[in-house]
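Student: I should like to study this chain with you, beginning with its overall build and ending with single residues. May we look at the structure together?

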Amino acid sequence: MNYSETIAYLYEKLPVFHRVGAAAMKPGLGNIMALCEALGSPQTRFKSIHVGGTNGKGSTSHLLAAILQSAGYNVGLHTSPHLKSYTERFKINGQPCQERVVVDFVEKHKSLIERVEPSFFEISVALAFDYFAQQNVDIAIIEVGLGGRLDSTNIISPLLSVITNISFDHTDLLGDTLEKIAFEKAGIIKADTPVVISETQPETAPVFIQKAEELNAPIFFADQQYHVNTLSVEKGKRIVTIESKKEASLPANTITLDLVGNYQLKNVAGVWQSVELLNQQGFYIPLDAVKSGMAHCTTLTSFKGRWQVLSESPMTVADVAHNYGGLSETINQIKRYDFDQLHFILGFVKDKDVKGVLGLFPTNAHFYFCSFDSPRALPSSELVYIADKVGLKGGIYRDVNEALSAARQKATSNDFIYVGGSTFVVSELSEI
């Protein structure tokens, strides 16, 4: 098979979460353990950092990868879902794997795949582990797919676990309270292994503390250790200061971020704490490498879709925020801009609380409702009906690119256009 045939085979043969949702889930770690055992346990042949959470785990993973690359390490990075190409899930030093890697893996292990009958995500995790082991990475950043406790990535023994933030998402699978969701996320905490919690939340902190105590895992709430403050946002960069809350005598560090979303402030504290712990474990990550990694994260790791500015006149931003917590942060950031009129291009998956999320948006904006190429996509005709129920008026468009073209025709140079609602809407933008 060639690459396109291989991807078609995987989509046809294996249940794919980003296409069919919860029906793709294969509960438990049995499949991934069977796959990795047949592959010679590749997950044991490289050092790793495990990153989970509801919002921020992708940005945190890429920031850590960029910093470690800047410090001279050979860094693997496994994230999901991909925006444009499946190969984006398997990066080394910011470069997606070659298509041949995917083709060869599937061809070599086709009988294994058909015997185990894994999900699409399970085979992706196995491929990532095998690829990183074969390429002898110094360390790999492994992002949790969904939850943590039963996630396929949770067979690694990391040097460090990081949990970014807990919000309501996938409540049908993870639970309908923050405490229940935190319990699933806490599943990545390992015995005697430090865990960093990026954001202290009253509902979830006791869950993490209890799990850490059970496993004798040192726990660090990064936002209790460090204060991150924005100095300015200019020319596509966010300038922040990081100060120690515990040692007030230490001077503040000034850091430039090329991830300009305001929500990145929460991630920065967790990343900063993680780097400190890695240095204590024998890594050599000097301050210059931290600054360089944070300043050039998008280019070092080929990272896209996080408060990505598509144009400045009118200001046009695409972002993959797709749940209540993430979109709350996004809308708060938009309010900090000066503009004449707001334009929202939105599409959603149909298994989200779309009505609840739409309640966040201002009713005096222009809306452009679209869909995307997935069985999980909420049809734009249904989306416009739900939106009307919460007072949002707008037109229906075939896809995100048609909607963006319409918004640009209507907008003036001092307006603001936002594109989002789903990772899959952003992924279909031709400009990314």
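Student: How many helices and strands are there in the chain?

Tutor: This is a predicted model, in which local features need pLDDT of at least 70 and side-chain atom pairs count only at pLDDT 80 or more, while totals for chains, interfaces and linings use all residues. Residues are numbered from 1 along each chain as its sequence is written, and side-chain values use heavy atoms, with hydrogens and water left out. Helices (H or I, at least four residues) and strands (E, at least two) are DSSP runs, numbered from the N terminus. On that basis the chain holds 19 helices and 17 strands.

Student: What radius of gyration does the chain have, and why does it count as compact?

Tutor: The radius of gyration is taken over C-alpha atoms, and the globule rule is 2.2 Å times the number of residues to the power 0.38. For 432 residues the rule gives 22 Å, and the value for the chain is close to this, so the chain is as compact as a globular protein of that length. The radius of gyration is 21 Å.

Student: What percentage of the residues in the chain is buried?

Tutor: Buried means under 20% relative accessible area, exposed over 50%, and partly exposed in between (1.4 Å probe, protein chains only). Of the 432 residues in the chain, the buried ones make up 57%.

Student: In what order do the strands of the eight-stranded open sheet stand?

Tutor: Two strands pair if DSSP finds at least two bridges between them. In this sheet the pairing is mixed. Strands S4 (95-96) and S8 (219-221) have a single partner strand each, so they stand at the edges. The order is S4-S3-S2-S5-S1-S6-S7-S8.

Student: Which residue in S4 stands opposite Lys91?

Tutor: Strand S3 (residues 90-92) pairs with S4 in the antiparallel sense over two bridges. Opposite Lys91 stands Pro96.

Student: Which strands form the open sheet of three, and in what order?

Tutor: The pairing in this sheet is antiparallel. Its edge strands are S9 (226-234) and S11 (253-257), each pairing on one side only. Strand S10 (residues 237-244) pairs with S11 over five bridges. The order is S9-S10-S11.

Student: What angle does the direction of helix H12 make with that of S9?

Tutor: Contact means heavy atoms within 4.5 Å. Axes are lines fitted to C-alpha atoms, for helices over the stretch in contact, and angles run from 0 to 180 degrees between N-to-C directions. Helix H12 (residues 264-280) packs on the sheet and touches S9, S10 and S11. The angle with S9 is about 125 degrees.

Student: How many disulfides does a search of the whole structure find?

Tutor: A disulfide is a pair of cysteine sulfur atoms within 2.5 Å. The sulfur of Cys36 has its closest cysteine sulfur in Cys97, 16 Å away, which is too far for a bond. Cys36 is buried, with a relative accessible area of 0%, and Cys97 is buried at 5%. The number of disulfides is zero.

Student: How far apart in space are Ile139 and Ser48, C-alpha to C-alpha?

Tutor: Ile139 lies in strand S5 (residues 139-143) and counts as buried, at 0% relative accessibility. Among the residues that Ile139 touches are Ser48, Leu68 and Phe283. Ile139 and Ser48 are 91 residues apart in sequence, whereas their distance in space is 5.2 Å.

Technical notes
Lists of a residue's contacts leave out its neighbours within four places in sequence.
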